[in-house]
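Colleague: I should like to understand how this protein chain is put together. May we go through the model step by step?

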Amino acid sequence: MSAAVLVVVACTYSEMTLPEHLPSGAIIIKQDELSFSPRSVTVRAGEVLYFWNGESAIHNLVFGSQDRSPDMKASDVFERRFLEPGEYEVTCDYHPQMRLQVSVVE
């Protein structure tokens, strides 16, 4: 007789505070509860998006299939500038359900 073992890995939600060094009016994409918030955003070409890990889970950012950010621990911020107009999808290697749609306009 064999026994099945269920292992549950939890990523805890926390009420972290945004870093103070972010510019006023910055466009901030929060990584929290294993998702991006907001899930879609429109920016002008050349505008900076700030990705902030607001939870204890480690994340990274995948832009297309080759371009990746370093791993992001709790409270880490990663800046990304989209230079060309178009539609971009951002995901996370560790949590493939995380998806962000970025529309870049001129």
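Modeller: Let us begin with a term: a residue is called buried when its relative accessible area is under 20%, and exposed when that area is over 50%. Please keep in mind that this is a predicted model.

Colleague: Are Phe-36 and Phe-51 buried or exposed?

Modeller: The cut-off for a buried residue is a relative accessible area under 20%. Both of these residues, Phe-36 and Phe-51, meet that description. The term for Phe-36 and Phe-51 is therefore buried.

Colleague: Which kind of aromatic pair do the rings of Phe-36 and Phe-51 form?

Modeller: The structure holds five aromatic pairs. In the pair of Phe-36 and Phe-51, the ring centres are 6.5 Å apart and the planes stand at 75 degrees. Planes over 60 degrees apart count as edge-to-face, so the pair of Phe-36 and Phe-51 is edge-to-face.

Colleague: How many residues apart in sequence are the parts that this pair ties together?

Modeller: Phe-36 belongs to strand β2, residues 35-37, whereas Phe-51 belongs to strand β4, residues 48-53. The pair therefore ties together parts whose separation in sequence is 15 residues.

Colleague: Which kind of pair do the rings of Phe-82 and Tyr-88 form?

Modeller: Phe-82 is buried, with a relative accessible area of 3%, while Tyr-88 is partly exposed at 26%. Their ring centres are 5.0 Å apart and their planes are at 50 degrees. Stacked pairs need planes under 30 degrees apart and edge-to-face pairs need over 60, so the pair of Phe-82 and Tyr-88 is tilted.

Colleague: The charged end of which residue sits over the ring of Phe-63?

Modeller: Phe-63 is one of the members of an aromatic cluster that also includes Phe-78 and Phe-82. A charged end lies over the ring of Phe-82, 5.2 Å from its centre, and it belongs to Arg-80. Over the ring of Phe-63, 4.1 Å from its centre, sits the charged end of Arg-80.

Colleague: Which strand gives the most to the largest nonpolar core?

Modeller: In soluble globular proteins, nonpolar side chains tend to be buried together. The largest nonpolar core here has 16 residues, and those with the most contacts inside it include Phe-36, Leu-49 and Phe-51. Strands β3, β4 and β9 each supply at least two residues of this core. With three residues, the strand that gives the most is β9.

Colleague: How many helices and strands does the protein chain have?

Modeller: Read along the sequence, the pattern of the protein chain is β-β-β-β-β-β-β-β-β. The secondary structure accordingly comes to zero helices and nine strands.

Key
Residues are numbered from 1 along each chain as its sequence is written. This is a predicted model: local features need pLDDT of at least 70, side-chain atom pairs count only at pLDDT 80 or more; totals for chains, interfaces and linings use all residues. Side-chain values use heavy atoms; hydrogens and water are left out. Rings of Phe, Tyr and Trp (its six-membered ring) pair if their centres lie within 6.5 Å; planes under 30 degrees apart count as stacked, over 60 as edge-to-face and the rest as tilted. Helices (H or I, at least four residues) and strands (E, at least two) are DSSP runs, numbered from the N terminus. Buried means under 20% relative accessible area, exposed over 50%, partly exposed in between (1.4 Å probe, protein chains only). A charge sits over a ring if NZ of Lys or CZ of Arg is within 6 Å of the ring centre and within 35 degrees of the ring normal. A nonpolar core is a set of buried Ala, Val, Leu, Ile, Met, Phe, Trp, Tyr and Cys residues joined through side-chain atoms within 4.5 Å.
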